[in-house]
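Biologist: I should like to go through the pockets of this protein with you. Please explain the reasoning behind each statement as we proceed.

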Amino acid sequence: MTHDFDTPVSREGTASLKYEGRETYFGTKDITPVWVADMDFAAPVAVTRALVGRAEHTIYGYTEYPESMFISMQDWFKTRHNWEIDRESIVMCPGVVPSIYAAITALTEVGDKVIIQPPVYHPFFTAVTDTQRTLVENPLRLEGNHYQMDLEHLAECAEAGAKFLVLCSPHNPVGRVWRQSELEGLLEVARRYGLTIISDEIHADLIFPGQKHLAITTLADDVSIITTVSPSKTFNIPGLGLSAMVISDKAQRKAIKQVFSQWHVSNMNPFSICGFEAAYQHGEAWLKDLMLYLKITKETVKFYLKESLPDITVVESEGTYLLWLDCRKMAMKDVELHHFFIEQAKVAMSPGTLFGIAGSGFMRLNIAAPRSLIMMVLKSIRSAYIS
Ligand SMILES: Cc1ncc(COP(=O)(O)O)c(C=O)c1O
């Protein structure tokens, strides 16, 4: 491994949400932050060089999306995901969450039923409720230590009139990388009931060895699918804020562009564009090392908990750097659990209930930090729990 993920990089003085936001979100700064989904690792050097190079130019005027940026993205998805993306189907956006809001706004009406699959990334809930659509939950099923989709229930939701599904693939927080058979089952329901799918694939490149992410749109050309992607999670540049939607249907593209235009969302800043392009163009070797590092960390966490704190188990995780911890054996109510981690263990994790009621009894641990910090977190939890 040529990249160093062990040496801590101080985030002091960068107004980072993860560190500076502890006071606001957890009421104290005296707590180790393993919550919001960004990494405590330096981004690939090529990204930093590109940003510094652009900064040195000294004029930061209005900026167009250069063709080279689109090519870097198309090459990345073709090489890594066997997905040929038409240039004309790409619509740029300041983030994946705004893309979901825009797609729901453009393609559904107020009151329409929109399905999500909890426990799931919390803005999926608000993307439906903030736009005055009707939230329909198709909860995932925990079987053993592994989450599955409930396709029968999904079909019932569609039968009851839902026409739109927000898919999380890979899934945050449960860490599933959906298999081809599962996605095909989902597509079959979508086909039968005329469901439109918006597939959030922001975690598509954070896949553990042995698993393979499949872009759902590559599996069907007779189902209405919009995909959102971004290098932001993969290369630790979420603060730069730029993502892409892939919308092959011309009418849908027009409707979504119209929403962006009404919101006056126009071109992004030159740094986002530089970071996006450099990451997709030069980030591959860094990513390979990152996933090896995360895999070892994940195994270390599993081993430690199994041996030293068996009341917490790690739900089987196939991708993302977010581990879904099953804390139900600790036999605490959610409020107590939250209180225990903050007040006693002094660890800032995301509470499971943030991801819906199905997250009750769970916590989400972000392991994208030097392993020494993650070990410190586990030891603090253990000593608080046994004392
Ligand atoms: C599934 C998922 N979608 C979207 C986002 C955020 O995307 P953005 O910052 O581009 O809006 C996250 C961040 O954690 C995420 O996990």
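Biologist: How many residues of each class, nonpolar, polar and charged, are in the lining of the largest pocket?

Modeller: In this predicted model, the lining of the largest pocket holds 19 nonpolar, 10 polar and four charged residues.

Biologist: What makes a residue part of that lining?

Modeller: A lining residue must have an atom within 4 Å of a point of the pocket. For the largest pocket, 33 residues form the lining. Those nearest its centre are Leu 17, Val 36, Ala 37, Tyr 121 and Lys 233. Leu, Val, Ala and Tyr count as nonpolar, whereas Lys counts as charged.

Biologist: Which elements give two or more residues to the lining of the largest pocket?

Modeller: They are helix H2 (22-26), helix H5 (96-107) and strand S14 (350-351). The largest share, three residues, comes from H5.

Biologist: Why is the largest pocket said to lie between domain 1 and domain 2?

Modeller: Domain 1 (17-44 + 284-386) and domain 2 (58-282) both give residues to its lining, and therefore the pocket lies between them. Its volume is about 740 Å³.

Biologist: What is the volume of the second largest pocket, and which residues lie nearest its centre?

Modeller: The second largest pocket has a space of about 380 Å³. It is lined by 18 residues, and Arg 11, Met 39, Phe 41, Ala 43 and Asn 236 lie nearest its centre. By class, the lining has 10 nonpolar, five polar and three charged residues.

Biologist: Which domains give at least three residues each to the lining of the second largest pocket?

Modeller: Domain 1 (17-44 + 284-386) and domain 2 (58-282) each give at least three.

Conventions: Residues numbered from 1 in each chain as written. Predicted model: local features only at pLDDT ≥ 70, side-chain atom pairs only at ≥ 80, totals over all residues. Heavy atoms only, no water. 1 Å grid on protein atoms, 1.4 Å probe; cavity = no way out; pocket = protein on both sides within 12 Å on 5 of 7 lines; lining within 4 Å. Points joined across faces, edges and corners; volume = space filled by probe spheres on them. Helix = DSSP H or I, 4+ residues; strand = E, 2+ residues; numbered from the N terminus. Domains from an automatic or database assignment.
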